[in-house]
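User: Can you walk me through this structure? Short answers are fine.
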Amino acid sequence: MNGLLEIWWQHAPVLSVVLPSLTAVLLLLIGDQGGMAALGGSHGGGRLRWRRRVTLVSALLGLVMAAGMVWRASLGEVVVYRLGDWPAPFGIVLVLDRLSALMVLLTCLVALPVLWYASGGWDARGRYFHAVFQFQLMGLCGAFLTGDMFNLFVFFEVLLIASYVLLLHGQGKERFRMGVHYVVLNLTASGLFLIGLAMLYALTGTLNMADMAQRVALLEGENAVLARVAALVLLVVFGLKAALVPLYFWLPGTYAAASAPVAALFAIMTKVGVYSIIRTHWVIFGADAGEAALAVADWLLPVALITSALGVLGALAAHSMSRLVAYLTVSSVGTIMAGVGLFTPETLSAALYYTLHSTIVVAGLFLLVEQVAAQRGDDTDHLRPAHAVREPVLLGLMMLFGAASAAGLPPLPGFLGKLMILQSSHGLSAQPWLWTVVLGVGFLTIVVLARAGVVVFWHVQPAVGVAASGNSAKMLSATWVFMALTVALAVMAAPVKQYTDDAAAQLGDRAAYQRAVLGEQAQTTRPYTGARP
Amino acid sequence: MITMEALVASGLGVVTAAGVYLLLRGRTFPVVLGLTLIGYAVNVFIFVMGRLWSNANPLLVGEGPVADPLPQALVLTAIVIGFATTGFVIELALRSRHENGSDHVDGHEPQSREGAR
């Protein structure tokens, strides 16, 4: 046991990436005959059970390790893991600080209930669900932990390729239609990512984030202008992932087309964009980055506020429940980015707290919506009067809870998160804009969800035809887990807020980050001129 | 005299423009071709961002200047990833054509106007 702890202590960051990838390989080895036929045959059924066991145990282990990493990061140390022990900036490093530990924990917190939910039947509606899911987790954890820009791109590709396949899970016309859009958009974004990255490399001669932050600050004149261009190109790329105006149009259709557990997992995908924006534009193009400092500050806040407003208007116009939740995702990303875009540690801390809340709530709502839809016969999740659901009290209360949390009614964490963002903007010039948009969006969210609730639960027609069956205990319990998590987030608001405060402060302290990654006196021969040192 | 940099830059511009044009077409096949062209342009762009060298060794051998080796490694990674994703998107386009009965990117033939080709 002590030996295992020792290994974990030494290799913590990389283990969180290695574990899902090894699990995925193991799941591939177990094999998958695929389809519902596997449920019938005893042989295939046994393998399905094993796949579920393996994936759930692995996700649980991942969660424990992520919790350990958060504890370790909360001690204040920046843990740097040098792959192959090559010194930075020449080798690739994984960096575990408070922000990345928090994001990895959030990923695992979402992944475990979603996997539990999926093993209620979704995982048998296509092949290799669990294996691809684990690859997705690998990409997510890697993207959050890496301290190297090109490595970030590689992990982006890993999680994107997995997400392409997950999106198509269950197949069907709509999924293929949205799949083409999603894949083409993301491949184009990957091209742009490489362009931005290559420009930064040309200017700084490094790909290591800490080293890059050091060198961007030294740029002057036309080089600084080029660096600002690269920063904006990267903002476009990450903005597409995070679904910011005007790059969010792909999201509602895609998320609505995806199967419920996949959509719930995708709730974390937009946060990868948010995380990358924080990492790039706080650490590399932060306030002390010389002439290229705060290259995106003029853009981020207006874009975020417009995203938030348009997202909720889209939800108001949505004609199905899953589209409604997808638009609420867009809206919540807007609120988060508003906190990030104000570029003060207080607002960033509030935005991080709200990130935790909105990811969990949106994931829970995606799962809940499918269970409501399953009991409404042919009308599924269309927002029009249909016959009553079979368990109106249970599902209705859950819906009420999720809606209150998403809209930000006290005492749920949505309220706390929005309050923190509002409070932290006190005294800033953008305060009137922020308050207007956040409060207006909160009000409209209540309207949207109340309208949906009325149509689904009250505006019912007498039942005709067969009554739909109830939902399986597995699926319900997974949804309950998300509800419980939001309550926990509200109860533990003080320590969580303390942690996000510290995380924001740590992000602001670029010198300490660079010292941790590069050592006391880092020297490189870059930018490269061809001369031998 | 035209410099090497100007030549490469304008060449990249033309390829990228062609890629963007194809990307904006309505059928999946030109879109995939467009993605491929953009991928090529991006790969060469990364390579060029290590500066253009003449009379330099690609690897650390002998005397004299050595070309920046890192972009070469990056390009290799980008090529591999691009190859895999192109394979995936072709397969996806074929399945979408099969499922929806149309190779239009929206999964159905445009109703009005005489078709986006």
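Analyst: Start with a definition: two residues are in contact if their C-beta atoms, placed from the backbone, lie within 7 Å. One caution: this is a predicted model, where local features need pLDDT of at least 70 and side-chain atom pairs count only at pLDDT 80 or more, while totals for chains, interfaces and linings use all residues. Residues are numbered from 1 along each chain as its sequence is written, and chains are lettered from A and ligands numbered from 1 in the order in which they are written.

User: How many residues does each chain give to the contact?
Analyst: Chain A gives 23 residues and chain B gives 31.

User: Which elements of chain A touch chain B with two or more residues?
Analyst: α6 (149–167) and α7 (173–204) of chain A. The largest share, 16 residues, comes from α7(A). Helices here are DSSP runs (H or I, at least four residues), numbered from the N terminus.

User: How do the residues on that side of chain A divide by class?
Analyst: There are 16 nonpolar, four polar and three charged. Ala, Val, Leu, Ile, Met, Phe, Trp, Tyr, Cys and Pro count as nonpolar; Asp, Glu, Lys and Arg count as charged; the others, Gly among them, are polar.

User: What links α6 to α7 in chain A?
Analyst: A loop, and A:Gln171 lies in it. A:Gln171 is not a glycine, but has a positive phi of about 55 degrees.

User: Is A:Gln171 buried or partly exposed?
Analyst: Partly exposed, with 14 other C-beta atoms within 10 Å. Buried needs 20 or more such atoms within 10 Å, exposed means 12 or fewer, and partly exposed is in between; the C-beta atoms are placed from the backbone.

User: New topic. How much of helix α10 of chain A is buried?
Analyst: Six of the eight residues in α10(A) (250–257) are buried, so this helix is largely enclosed by the rest of the structure. Among the buried ones are A:Leu251 and A:Tyr255.

User: What covers them?
Analyst: The cover includes α6, α7, α11 (260–266), α13 (297–317) and α14 of chain A.

User: And what about the loop between α9 and α10 of chain A?
Analyst: A:Pro246 lies there. The peptide bond from A:Val245 to A:Pro246 is cis, with omega near -5 degrees.

User: Last one. How many residues of α15(A) are buried?
Analyst: 28 of its 30, so to speak mostly covered. α15(A) spans residues 345–374 and reaches 44 Å from its first C-alpha to its last. That is close to the expected 44 Å, where the expected span is 1.5 Å times one less than the number of residues.
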